[in-house]
Amino acid sequence: MAPRKAAKKEATPAKKTSDPLFPARPRNFNIGGAIRPQGRDLSRFVKWPKYVRIQRQRAILYQRLKVPPAINQFTKVISRNEALSLFNLLNNYRPETNAEKKQRLREFAAATAEGEDTTSKSEFQVKYGLKHVTSLVEEKKAVLVVIACDVDPVELVLWLPALCRKMDVPFMIVKDKARLGALVHMYTATCVAITGVNPADQGTLKIMQNLAKEKFNDNPDLVRKWGGGIMGLKTQAKLEKRAKAVALEEAKKLASLGRA
């Protein structure tokens, strides 16, 4: 007869002692549970889209690298109040949309059929398109040129400020290409120009022209001053620490020579 098996003793579980330094915080993964604390910014842990990463890296590189004056001048834009006055002036001369043009031509055709003498087109309008604006500047027909600061690639408008200076045409650099595009019923616009204004707006135009001459056309810093060369916070701290160490060593040398 087989020996009788001994009954298994039930093992008593070891009692877990909680660590007061690291208290247990069990999470609740049901709806509405384990919500992150308010005010905690997790944006640095987000994987941003590629175009966002590229534009941020480009901005950092523009700070780190030495930027020549021809490119650096596009960072010097007019102030917010000056831009408000400028766009208020340009809004009075926005080009007409296709629907407005059809309506105007219908009214013109009806007036012509009745024998009335009317003009079919407004005299002054905002001109846009890089080739068109270039032609107006070369022919000295433009009285004010407005260039966007964020054209990509910047080579498209890199030469335009130099051309405006040579032809003595006032120009301004503003934020941004989307705002200029909305002015002319487009998504974006690299630059716009006006060839004249009504007598009521002559005073405002004169103020804008003087501002453009002072800040851009006759400003020597725009064609001389390089940009960039700004190091990061860690590098700045390292250079400051190194400079202090060099100064301290120099002071010790002078003290040892009895010149302090």
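# A walk from L86 outwards

Let's start with L86, which counts as buried because its relative accessibility is 0% (buried means under 20% relative accessible area, exposed over 50%, and partly exposed in between, using a 1.4 Å probe and protein chains only). Before going on, keep in mind that this is a predicted model, where local features need pLDDT of at least 70, side-chain atom pairs count only at pLDDT 80 or more, and totals for chains, interfaces and linings use all residues. Residues are numbered from 1 along each chain as its sequence is written, and side-chain values use heavy atoms, with hydrogens and water left out.

So where does L86 sit? You'll find L86 in helix α3; helices (H or I, at least four residues) and strands (E, at least two) are DSSP runs, numbered from the N terminus. If you skip neighbours within four places in sequence, L86 is in contact with I78, L144, V146, M172, V174 and M208, where contact means heavy atoms within 4.5 Å. Try tracing the chain from L86 to I207 as well: these two are 121 residues apart in sequence, yet their C-alpha atoms are 9.6 Å apart in space.

Now zoom out a little. In soluble globular proteins, nonpolar side chains tend to be buried together. Here, the largest nonpolar core has 44 residues, and L86, V145 and M172 touch the most other members. A nonpolar core is a set of buried Ala, Val, Leu, Ile, Met, Phe, Trp, Tyr and Cys residues joined through side-chain atoms within 4.5 Å. Which elements each supply at least two residues of this core? They are the helices α3, α5 (130-138), α6 (160-166), α7 (177-183) and α8, along with the strands β3 (144-148), β4 (171-174) and β5 (191-194).

Two of those helices are worth a look as a pair. Two packed helices are described by the angle between their axes and the distance between the axes. Helix α3 (residues 80-91) and helix α8 (residues 202-217) pack at an angle of about 135°, and their axes are 10 Å apart. Axes here are lines fitted to C-alpha atoms, for helices over the stretch in contact, and angles run from 0 to 180 degrees between N-to-C directions. The angle of about 135° makes α3 oblique to α8: under 35 degrees counts as roughly parallel, over 145 as roughly antiparallel, 65 to 115 as roughly perpendicular, and the rest as oblique.

Who does the touching? On the α3 side the contact is made by E82, S85, L86 and L89, and on the α8 side by T204, L205, M208, L211 and K215. Sort these contact residues by type and you get 5 nonpolar, 2 polar and 2 charged. For that sorting, Ala, Val, Leu, Ile, Met, Phe, Trp, Tyr, Cys and Pro count as nonpolar, Asp, Glu, Lys and Arg as charged, and the others, Gly among them, as polar.

Stay on α8 for a moment, since Q209 is found there too. Is Q209 buried or exposed? Q209 is buried, with a relative accessible area of 18%. Not counting residues up to four places away in sequence, Q209 touches V143 and P170.

Next, hop over to helix α5, home of T134 and E138. T134 counts as buried at 13% relative accessibility, whereas E138 is partly exposed, with a relative accessible area of 47%. Leaving out neighbours within four places in sequence, T134 is in contact with W159 and L163, while E138 is in contact with L163 and M167. For a sense of spread, compare E138 with G39: they are 99 residues apart along the chain, and their C-alpha atoms are separated by 56 Å.

Finally, check out the backbone in some loops. A cis peptide bond joins D152 and P153, with omega about 0°, and P153 lies in the loop between β3 and α6. The peptide bond from K175 to D176 is cis too, with omega near -15°, and D176 belongs to the loop between β4 and α7. D168, in the loop between α6 and β4, has a positive phi of about 60° although it is not a glycine. H185 also has a positive phi of about 60° without being a glycine; its place is in the loop between α7 and β5, and at 37% relative accessibility H185 counts as partly exposed.
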